[in-house]
Amino acid sequence: MGEPLYRRVVVKISGEYLAGAQPFGIDQSVLDRVASDVIDATARGIEIALVVGGGNIFRGVDVSSRGVSRPTGDSMGMLATVMNCLALESAIERKGKSARTLCALVMPQVCELFTRKTALRYLSEGRVVLLAGGTGNPFFTTDTTAVLRASEIGAQAVLKATNVDGVYSADPKVDKNAKRFERLTHSQAIEGGYKVMDATAFALARETSLPIIVFSIAESGSIGAILDGTGRGTIVAG
Ligand SMILES: Nc1ncnc2c1ncn2[C@@H]1O[C@H](COP(=O)(O)OP(=O)(O)OP(=O)(O)O)[C@@H](O)[C@H]1O
Ligand SMILES: O=c1ccn([C@@H]2O[C@H](COP(=O)(O)O)[C@@H](O)[C@H]2O)c(=O)[nH]1
């Protein structure tokens, strides 16, 4: 195991992946395995903040066609990310690692409000920080949240842990001939319109010169491997 590439990162965990084989919700064994991977990665002395998606529970865009307004649907989606963060926080703490959820939405009975200073303090104390509630605004995603928060807290990269092992020329679940990219610039990722991440996230990362690594979380130890530079994924950088 070599020197890690980064000292502080934001890891975006796919909400959809947390459902495991179920169509909806959280598979406890998947959650526990992800928690172990995160803890193993922090053992290298790396500060880790997590953003968890909500696709296993709710995406605002899915209900806007059913008579629920998009902002209301997005609020429901942001609440889904809070549930996922609380579940992952508990899984991490059950394994003996301290974790704190900070939320973009005010809900004092549930978790603390996100501020940059609080996040940095908890990270410096060696805790895992979970960033819940997205940006707190509709029409955004947790991918954009990850880039935004990473830029705010001075993280050196966003690691997008998802259910594909990189950015492809087309959706690999639809097109078996899609080609995987080793590396792309932010501009190439935006111009290519690759749907693995939204263009707003790529554009903000370009603006703040933040590398994004897209990789699969399906294998145990994949977060650590990406931090060591030995993992398989696509690097999106300057
Ligand atoms: N060009 C592409 N390259 C790679 N994956 C792609 C591409 N186009 C579409 N995808 C799809 O993008 C998905 C991953 O992005 P998505 O934002 O849906 O997932 P996530 O971040 O894992 O979800 P969640 O919102 O639950 O956190 C993959 O399942 C893949 O099928
Ligand atoms: O800043 C944000 C982040 C998220 N949302 C809503 O939450 C869901 C779930 O997030 P995913 O990134 O799709 O996993 C998203 O579909 C939005 O509805 C938001 O409104 N603002």
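Analyst: Start with a definition. Helices (H or I, at least four residues) and strands (E, at least two) are DSSP runs, numbered from the N terminus. The model you see is predicted. Now use those labels. Phe139 sits in the loop between strand S5 (128-132) and H6. Phe140 lies in the loop between S5 and H6 too.

User: How do I read burial? Is Phe139 buried or exposed?

Analyst: Count the other C-beta atoms within 10 Å: 20 or more means buried, 12 or fewer means exposed, and anything in between is partly exposed. Phe139 has 12 C-beta neighbours inside 10 Å, so it counts as exposed.

User: And Phe140: buried or exposed?

Analyst: Phe140 counts as buried, because it has 20 C-beta neighbours inside 10 Å.

User: Which residues is Phe140 in contact with, leaving aside its neighbours within four places in sequence?

Analyst: Phe140 is in contact with Gly134, Thr135, Thr145 and Thr200.

User: What about backbone angles? What is the phi of Phe139?

Analyst: First the general idea. Most residues other than glycine have a negative phi. Now the case. Phe139 is not a glycine, yet its phi is positive, at about 70°. Ser209 also has a positive phi, of about 55°, and is not a glycine either.

User: Where is Ser209 found? Is Ser209 buried or exposed?

Analyst: Look in the loop between H8 and strand S8 (212-216). Ser209 is exposed, because 10 other C-beta atoms lie within 10 Å.

User: Which residues does UniProt place in the feature "binding site"?

Analyst: The record is an unreviewed entry. Its "binding site" feature lists Gly54, Asp74, Thr135, Gly136, Asn137, Pro138, Phe139, Phe140, Thr141 and Thr142. These residues are spread over 89 residues of sequence, but they cluster in space, with a largest C-alpha distance of 14.4 Å.

User: Which part of the chain does the "domain" annotation cover?

Analyst: In the unreviewed UniProt entry, "domain: Aspartate/glutamate/uridylate kinase" covers residues 8-216. Over residues 8-216 the chain is 41% helix and 18% strand. The end C-alpha atoms of that stretch are 20 Å apart.

User: How do I read a ligand shell? Which residues come nearest to ligand 1?

Analyst: Ask three things: who comes nearest, which elements contribute, and what classes appear. There are 20 residues around ligand 1, and Ser14, Gly15, Gly53, Gly55 and Asp171 come nearest. Helix H1 (residues 15-18) gives the largest share of this shell, three residues. By class, the shell around ligand 1 has eight nonpolar, eight polar and four charged residues.

User: How many residues surround ligand 2? Which helix gives the most to its shell?

Analyst: The count is 22. The closest to ligand 2 are Gly53, Gly60, Asp74, Gly77 and Gly134. H4 gives the most to the shell, with six residues. Helix H3 (60-63), H4 and helix H6 (142-153) each supply at least two. The shell around ligand 2 divides into five nonpolar, 14 polar and three charged residues.

User: H4 again. At what angle do H2 and H4 pack?

Analyst: The general idea: two packed helices are described by the angle between their axes and the distance between the axes. Here helix H2 (residues 28-42) and helix H4 (residues 70-94) pack at about 65°, and their axes are 9 Å apart. The crossing of H2 and H4 is right-handed.

User: Which residues in H2 and H4 meet?

Analyst: From H2, take Leu31, Asp32, Val34, Ala35, Val38 and Ile39; from H4, take Ala87, Leu88, Ala91 and Ile92. By class, this contact of H2 with H4 has nine nonpolar, no polar and one charged residues.

User: One last feature. How are Ala203 and Ser187 placed, in sequence and in space?

Analyst: Locate each residue, then compare. Ala203 lies in helix H8 (residues 199-207), and Ser187 is in helix H7 (residues 186-192). They stand 16 residues apart along the chain, with their C-alpha atoms separated by 7.8 Å. Ser187 and Ala199 are twelve residues apart along the chain, and their C-alpha atoms are separated by 9.6 Å.

User: Why does Ala203 count as partly exposed? And why Ser187?

Analyst: Use the same count of neighbours. Ala203 has 16 C-beta neighbours inside 10 Å, so it is partly exposed. Ser187 has 13 other C-beta atoms within 10 Å, so Ser187 is partly exposed.

How values were computed: Residues are numbered from 1 along each chain as its sequence is written. Chains are lettered from A and ligands numbered from 1 in the order in which they are written. This is a predicted model: local features need pLDDT of at least 70, side-chain atom pairs count only at pLDDT 80 or more; totals for chains, interfaces and linings use all residues. A residue is near a molecule or strand if its C-beta atom, placed from the backbone, lies within 6 Å of it. Ala, Val, Leu, Ile, Met, Phe, Trp, Tyr, Cys and Pro count as nonpolar, Asp, Glu, Lys and Arg as charged, and the others, Gly among them, as polar. UniProt positions are given in the numbering used here, feature names are shortened, and annotations may be inferred rather than shown by experiment. Axes are lines fitted to C-alpha atoms, for helices over the stretch in contact, and angles run from 0 to 180 degrees between N-to-C directions. A crossing is left-handed if the near helix is turned anticlockwise from the far one by less than a right angle, and right-handed if clockwise. Two residues are in contact if their C-beta atoms, placed from the backbone, lie within 7 Å.
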